[in-house]
Amino acid sequence: MPTLNSLTADNLLTEKEILTILDLAFKLKAQKKAGKRPQLLAGKNIALLFEKTSTRTRAAFTVAANDLGAFPEFLGKADIQFGTKESLEDTAKVLGRMFDGIEYRGAKQSVVDGLAQHSGVPVWNGLTDEWHPTQMFADLLTLKEHFGYLKGLTVCFVGDGRNNVANSLTIGCLKVGVNVVIIAPKQLQPAANIVDIAQQCSQISGATYFVSDNIEDVKGADAIYTDVWVSMGEENQYEERIKLLKNYQVNEALMTATGKKSVFLHCLPAFHDLETEVGKEVYHSYGLAELEVTDAVFRSKNSLVFDQAENRMHTIKAIMVASYHQL
């Protein structure tokens with residue numbers, strides 16, 4: 001495989017690219033567990049451009065860069081002129097002359113696309129409102145580690161079916177032959193352009209794609225995936241979302257309804273307990289103890305959420321290495 005160069009959106013990836021990066025992630029993860037850290041990006045400077053906050057994305061890119069011998073530099077929203085006194089094109093050209101690669105995490109897909117167009121260096125999408133490709137790679141690595149294979153598995157996403165995690169999960173899974181079921185109320189089902197891309201991927205790979213508002217359609221799923229009901233920037237919509245999604249909570253009854261020993265997946269953070277200030281405020285306001293997932297499911301032996309979190313680092317390593325080395 002030639003170098004990956006940039007990773008801006010899941011629909012631009014091929015099946016071969018996804019599988020090659022997953023294989024490389026397995027190798028890099030095994031090396032790290034064995035205490036080996038090959039300096040495959042020695043001397044490279046990596047800009048971490050964050051307009052939205054993060055725990056896993058920032059930590060994963062930072063540790064991944066350090067392990068590979070690169071030097072990460074965090075640039076927060078208030079640290080540079082980006083989007084205020086300087087245009088996207090000018091910022092991209094400046095950063096491209098100083099850094100060897102750029103990670104971007106923010107709202108608009110057009111921004112990460114613009115960085116890739118004008119910087120002249122690899123650009124990686126750490127999250128936009130439309131796509132979350134680095135999460136998708138971590139999800140697939142976690143599934144393959146647990147089941148030993150991907151093709152033929154069925155993943156069911158329950159909840160807000162039109163968010164970036166659902167979009168990336170859908171396209172990534174379908175491209176490698178994993179069946180996808182999206183279960184969401186009609187108001188929160190995937191956008192038409194995502195459905196079109198998904199159907200095209202389904203025709204090519206032979207994997208099935210199904211969208212429903214019936215919670216009983218979890219039957220047969222090997223994995224149940226959910227995400228927060230209110231994404232960043234939508235904090236004023238809790239009441240509306242809870243009304244729409246209260247019957248789509250992932251609980252023990254739903255996990256049993258699959259008819260299999262299904263695993264539970266979540267990109268995190270998760271509203272499953274009362275341990276966070278935001279959680280306490282939301283639960284108190286709406287008289288709830290949990291939101292998208294119950295604490296019992298989140299902490300169960302079938303929950304792979306912390307494997308997913310760790311695998312963000314290993315797959316991001318592989319993505320960055322693939323951007324500079326022919327595989």
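Is Cys201 buried or exposed? Hold that thought for a moment, and I'll come back to it. One thing up front: what we're looking at is a predicted model.

Okay, the sheet. Four strands make an open sheet, and going across you meet β2, then β1, then β3, then β4. The pairing is parallel. β2, residues 71–76, and β4 sit at the edges with a single partner strand each, so each of them has one side without a neighbour in the sheet. If you ignore direction, neighbouring strands here are turned by 20 degrees against each other on average.

Let's zoom in on one pair, β1 and β3. These two run parallel, and five bridges join them. If you want a spot to find on screen, look for Ala47, which stands opposite Ile102 in β3.

Now over to helix α4, which covers residues 109–119. Which residues of this helix are buried? They are Gln109, Val111, Val112, Gly114, Leu115 and Ser119. And what covers them? Part of the cover comes from the sheet we just walked across: β1 (45–50), β3 (101–105) and β4 (123–127) are included, and so is the helix α3 (88–98). Right after α4 comes Gly120, and its phi is positive, near 80 degrees.

Next stop, helix α6, residues 164–175, which is where you'll find Thr170. With a relative accessibility of 2%, Thr170 counts as buried. So who does Thr170 touch, leaving out residues up to four places away in sequence? The answer is Val180, Ile182, Ala198 and Tyr209. For a sense of distance, take Ser87: it is 83 residues from Thr170 in sequence, and the two C-alphas are 33 Å apart in space.

Right, back to the cysteines. How many disulfides are there? The count is zero. As a reminder, a disulfide is a covalent bond between the sulfur atoms of two cysteines. Take Cys173: the closest cysteine sulfur belongs to Cys201, and at 11 Å that is too far for a bond. The cut-off is 2.5 Å between the sulfurs. Seen from the other end, Cys201 is in no disulfide either, with the sulfur of Cys173 as its nearest, 11 Å away.

And is Cys173 buried or exposed? Its relative accessibility is 0%, so Cys173 counts as buried. That brings me to the question I opened with. Cys201 has a relative accessibility of 8%, so Cys201 counts as buried. The cut-off for that word is under 20%.

That's my tour, thanks for listening!

Notes:
Residues numbered from 1 in each chain as written. Predicted model: local features only at pLDDT ≥ 70, side-chain atom pairs only at ≥ 80, totals over all residues. Heavy atoms only, no water. Buried < 20%, exposed > 50% of the residue type's maximum accessible area, 1.4 Å probe, protein only. Contact = heavy atoms within 4.5 Å. Pairing = 2+ DSSP bridges. Axes fitted to C-alpha atoms, helices over the stretch in contact; angles between N-to-C directions.
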